[in-house]
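The following note is offered to a colleague who is meeting this structure for the first time. Its points are numbered for ease of reference.

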Amino acid sequence: MTTAGPSSVVPPTSALPRGVLAGYALGSLVTGAFGTVPGLLLLPYLTDTLGVAAGVAGLLVLLPKAWDVLVNPVAGRISDRSGSRRPFLLGAGLALAILFAAIFLAPFPSGAASGAYVAGAFLAAATAFAFFQVPYVAMPAELTDGYDERTRLMTWRVAVLALAILVSGALAPLVVELTGGGREGHRWSGAFVGALIVVGTLATYFGTRKARYRTAGESEPSLRAQLRVASGNAPFRALLICWVVQAAGIGTMLAGVQYFADHVLEQKSGATFLFAAFVGPALLVMPLWTAAGHRLGKLRSLIIASLAFAAGALILLAAPALPAVAVYLIVALVGVGYAGQQVFAMAMLPDCIAYDTERTGRRQAGVFTGLWTAGETFGLALGPGIYALLLQVFGYVSSATGEAAGQSDTARLGVLLGFTVVPALLVGVAVVLLRGYDERITSRA
């Protein structure tokens with residue numbers, strides 16, 4: 001049995017109104033907060049506040065996210081069968097806000113019970129996030145059929161995403177510190193991020209209410225059939241595999257921010273400054289990346305951005321011998337590359353979806369975005385798992401005091417390598433996987 005899309009099909013070929021651009025982009029307050037803060041705070045929260053061993057903590061962060069690999073395609077299928085994707089944004093977004101705050105409540109005194117509670121709450125939050133993110137990421141391919149207009153929409157989205165990452169990623173550790181640290185500080189930080197998610201949810205739900213949608217006539221009759229079609233889309237397949245590997249690299253670096261600040265920079269508020277250095281430049285270089293995309297094409301620009309990220313991460317190997325200001329400047333270079341990665345990968349995704357719609361005439365954006373978000377979520381979760389494994393191998397000592405324990409030279413080397421070499425290799429080497437992406441066919445869709 002097939003389900004048609006909305007009965008009113010209006011293909012918007014003109015420029016999107018600024019109100020729709022802003023409304024859609026503000027949803028990145030949700031995706032940016034949930035995509036950043038768990039990767040930034042959750043691993044050190046488990047190891048340095050709840051006293052969970054690094055290897056176990058890595059599994060507790062990874063497994064709930066791995067669940068999304070199964071849930072996200074299902075969320076895509078359900079949203080494809082729906083008449084509108086916007087109700088998913090409202091319901092799932094508000095549920096996510098509550099569940100995110102619950103992650104950091106720490107209602108049990110023991111480390112083992114608290115760790116199990118965090119894993120359960122994180123699993124529930126990840127499920128709610130799937131039902132927000134998948135419909136949200138599917139919307140650009142239905143908001144416009146213009147190749148350049150999708151880049152414009154993604155530029156707005158990534159600009160807000162950079163702001164969301166800056167606000168949530170830089171301020172969440174600061175809120176922990178200013179409210180006493182430890183369990184209490186993390187409770188306040190969880191509430192702060194939950195409130196930010198509420199703002200983003202309401203803004204994107206009401207901001208896109210007047211948008212006109214371009215939809216194909218029908219969806220594939222089964223999830224298996226849709227997955228088969230998605231796997232047969234060569235540009236999408238190449239882009240997805242590259243993005244999953246790069247997300248693992250980004251996730252590894254995010255997981256190491258607090259450890260790098262504590263044990264390499266040895267600055268109390270270093271995590272906040274690192275995040276400001278990482279994301280701040282992204283707000284300034286968005287117009288430059290957009291111009292680069294017009295001149296060089298999205299694929300070549302994505303490769304350049306990825307190599308800039310990798311080069312900056314490798315240079316950070318010299319951080320122990322550099323002044324803090326120099327380290328922050330190098331992190332800014334990494335941030336410039338990261339901004340380009342986000343702009344072009346997310347602008348190429350709706351191109352792949354539009355290519356499929358033109359080829360099949362079916363409405364199945366949700367399946368593509370379900371696979372995309374499942375892969376991205378898994379990659380971002382795999383990063384902390386990789387980092388935790390490195391900490392375990394290099395002998396990192398956990399603490400239940402709310403303060404990081406003193407570490408050996410070997411453990412500090414693990415902290416440094418996990419923040420520099422591993423992300424550089426994952427992000428840089430992944431560009432080879434883009435050989436299967438043919439920009440000539442996606443640019444015509």
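1. The model under discussion is predicted. The points below take up its largest pocket, its cavities, one helix pair and its salt bridges in turn.

2. The largest pocket has a volume of about 460 Å³. Its lining comprises 22 residues, of which V176, Q258, D262, G402 and E403 are the closest to the centre of the pocket.

3. Several helices contribute to that lining. Those that give two or more residues to the largest pocket are helix 2 (28–48), helix 7 (147–178), helix 8 (182–207), helix 10 (234–265) and helix 11 (270–296). The greatest contribution is that of helix 2, with 4 residues.

4. As to chemical character, the lining of the largest pocket divides into 10 polar, 7 nonpolar and 5 charged residues.

5. Turning to enclosed spaces, the count comes to 4 cavities of 30 Å³ or more. The largest cavity has a volume of about 380 Å³. It is lined by 32 residues, and T31, G35, T36, E376 and L380 are the closest to its centre.

6. Which elements supply at least two residues each to the lining of the largest cavity? They are helix 2, helix 3 (54–81), helix 5 (111–138), helix 7, helix 10, helix 13 and helix 14 (365–393). Helix 14 gives the most, with 7 residues. By class, the lining of the largest cavity holds 19 nonpolar, 10 polar and 3 charged residues.

7. Helix 2 deserves the reader's attention under both headings: it gives the most to the lining of the largest pocket, and it is also among the helices that supply at least two residues to the lining of the largest cavity.

8. One helix pair may be described in detail. The axes of helix 11 and helix 13 (residues 324–360) come within 6 Å and cross at roughly 45°. Helix 11 is therefore oblique to helix 13. The crossing of helix 11 past helix 13 is right-handed. Their contact has 19 nonpolar and 5 polar residues, with no charged residues.

9. How many salt bridges does the count give? The count comes to 3. One of the salt bridges joins E184 to R187, with the closest N and O atoms 3.1 Å apart. Both E184 and R187 lie in helix 8, where they are 3 residues apart, about one turn of the helix. Helix 8 is also one of the helices that give two or more residues to the lining of the largest pocket.

Technical notes:
Residues numbered from 1 in each chain as written. Predicted model: local features only at pLDDT ≥ 70, side-chain atom pairs only at ≥ 80, totals over all residues. Heavy atoms only, no water. 1 Å grid on protein atoms, 1.4 Å probe; cavity = no way out; pocket = protein on both sides within 12 Å on 5 of 7 lines; lining within 4 Å. Points joined across faces, edges and corners; volume = space filled by probe spheres on them. Nonpolar A, V, L, I, M, F, W, Y, C, P; charged D, E, K, R; others polar. Axes fitted to C-alpha atoms, helices over the stretch in contact; angles between N-to-C directions. Parallel < 35°, antiparallel > 145°, perpendicular 65-115°, else oblique. Left-handed = near helix turned anticlockwise from the far one by under 90°. Salt bridge = Lys/Arg side-chain N within 4 Å of Asp/Glu carboxyl O.
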